[in-house]
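Please follow the fold outward from its central sheet, with the sequence and the coordinates side by side.

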Amino acid sequence: MHWQTVHWIAGGILALAWFSRIVEAPFGMPHVANIARPEWDRRPAAPNGEPRVSIIVPARNEEESIRETLVQLLALDYSNYEIIAVNDRSTDRTGQVMDEVAARSQSHGLLKVIHISELPTGWLGKTHAMWMAGQQASGDWLLFTDADVLFKPDSLRRAVAYAKAERADHVVLFPRMIMKGPGERMMIAFFQVLFVFGHRPWKVADPKARDHMGVGAFNMVRRPVYDAVGTYRRLRMEVIDDMKLGKVIKNAGFVQRNVSGEDLISLHWAKGALGIVNNLIKNFFAVRSFQWWRTVVTVVGLGFLNLGPFLGVWLAHGWARVPYAIALGSLLALYCGISLRSAVPTYYFFLHPVGTSLFMYILLRSMVHALWNNGIVWRGTKYSLEELRKGIV
């Protein structure tokens, strides 16, 4: 086959793939509600007052961030909630900090602390911590969050008002990512592009679509729905438990919604590009269900999809460059859209190949690390690949 023909075929596939997203995204994303807007600055409509919410915060060795997170949760502008903080076998001062915050007079009994010293067989530490907290929760809604998430006072009130208005069973609020350097912006921009390409947030509300959502920073689910899908006991060996919670809820036919909220909640993921890389290497093999062949296929596909347009427009000749240029233009348009919603300038488009290469490295390194060690170390505990694969939902 002539190389020009190869370029036309490869370029055509890439142009179709990326152009389809810029056709969908501008029409789809406006349907993802922004609860930071003035119309959601209200109290939830309920006959018996605001529904009770149990906020569950698992933490292991989070002494640097847990105090600020709990203090902000205690300052929420909401009248009917509790906070259950779980110290999951921490070896630093996390548990002590939790107790100190709970002892403050300002907490008025809102904050309950659970200390876990041993992990039962067949559980991941985080899923066990959240399941334990769920057992003691008294809320009509359960909000699962992380120990490094920062909350504005009106965040919960707006989210519950939206959930009641939409009659939603599960609400996911996207956090604002705090980015402190070019490396962090590059990696987070890449993840946002990949996210829009692979998950289509605007399709989550469609009961006929398979698209689902779950975010560890803010997964809020009605208690009866949480019980109906099997609680966290069903997800006890799931490393990517946040997305899998969203998946089982959506697959069970319940009403799922994801919303943006500007800076209603925010978090700083990691320090620098290498910090993000190192965080993900530990467990990213889980994204491909701990299967080496799926990981290799994903890496090849990511390279073709994300590096192909840049390479093709340089290697092809004449009119064969056109489909590659369409793919690049579509990708640039996605970066323009991201720049309107985050602190990532459009020119980070030119670093997309670097972000792609690092992401491919993360997947391959995570796979090799897990296969070499026949498992992963997650929150201080070693798990074999056999038990992790058996526990996949």
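The paragraphs below take up the sheet, the cores, several individual residues, and then a bent helix and a hairpin.

This is a predicted model, and a good place to enter it is the open sheet of seven strands, which run in the order S3-S2-S1-S4-S8-S6-S9 with mixed pairing. Strand S3 (111–116) and strand S9 (256–259) form the edges, each of them pairing on one side only, and the twist from one strand to the next averages 20°. Helix H5, made of residues 155–166, packs on this sheet and touches strand S1 (53–59), strand S2 (81–88), strand S4 (141–144), S6, S8 and S9, with its direction making about 45° with that of S8. Within the sheet, strand S6 (residues 170–173) pairs with strand S8 (residues 219–222) in the antiparallel sense over three bridges, and Val172 stands opposite Asn219 in S8.

The largest nonpolar core has 94 residues, of which Val53, Ile55, Leu70, Leu156 and Met220 touch the most other members. Helix H6 (residues 182–199) gives the most to this core, contributing 10 residues. If neighbours within four places in sequence are left aside, Val53 is in contact with Tyr78, Asn80, Tyr81, Glu82, Gly139, Trp141, Leu143, Leu156 and Val160. Another core lies apart from the largest one and comprises 22 residues, including Ile114, Trp123, Ala129 and Ile249.

Asn258 deserves a separate look, as a residue of strand S9. Is Asn258 buried or exposed? With a relative accessible area of 5%, Asn258 is buried, since the cut-off for that class is under 20%. The side chain of Asn258 reaches the backbone oxygen of Pro201 at 3.1 Å, and, not counting residues up to four places away in sequence, Asn258 touches Val32, Ala33, Val172, Phe174, Pro201, Val204 and Met213.

Two loop residues invite attention for their backbone angles. Arg89, in the loop between S2 and helix H3 (94–103), has a positive phi of about 60° although it is not a glycine, and at 13% relative accessibility Arg89 counts as buried. Thr231, in the loop between helix H7 (223–228) and helix H8 (241–251), is likewise not a glycine and has a positive phi of about 55°; its relative accessible area of 14% makes Thr231 buried.

Farther along the chain, helix H10 (residues 292–315) bends by about 55° at Gly308, and a proline, Pro309, follows within four residues. Both Gly308 and Pro309 belong to the buried residues of H10, which also include Thr295, Thr298, Val299, Leu302 and Leu305. The buried residues of this helix pack against helix H1 (3–28), H6, helix H11 (321–341) and helix H12 (352–373).

The last stop is a hairpin formed by S11 and S12, with two residues between the strands, where Arg379 in the turn has a positive phi of about 55°. Strand S11 (residues 375–378) and S12 pair in the antiparallel sense over four bridges, and Val377 stands opposite Lys382 in S12. In a regular strand the side chains alternate between the two faces of the sheet. Strand S12 (residues 381–384) shows such an alternation, in that Thr381 and Tyr383 point to one face and are buried, whereas Lys382 and Ser384 point to the other and are not.

Notes. Residues numbered from 1 in each chain as written. Predicted model: local features only at pLDDT ≥ 70, side-chain atom pairs only at ≥ 80, totals over all residues. Heavy atoms only, no water. Pairing = 2+ DSSP bridges. Axes fitted to C-alpha atoms, helices over the stretch in contact; angles between N-to-C directions. Contact = heavy atoms within 4.5 Å. Core = buried A, V, L, I, M, F, W, Y, C linked by side-chain atoms within 4.5 Å. Buried < 20%, exposed > 50% of the residue type's maximum accessible area, 1.4 Å probe, protein only. Polar contact = N/O pair within 3.5 Å; in protein donor to acceptor, adjacent residues only side chain to side chain. Bend = angle between axes of the 7 residues up to and from the residue.
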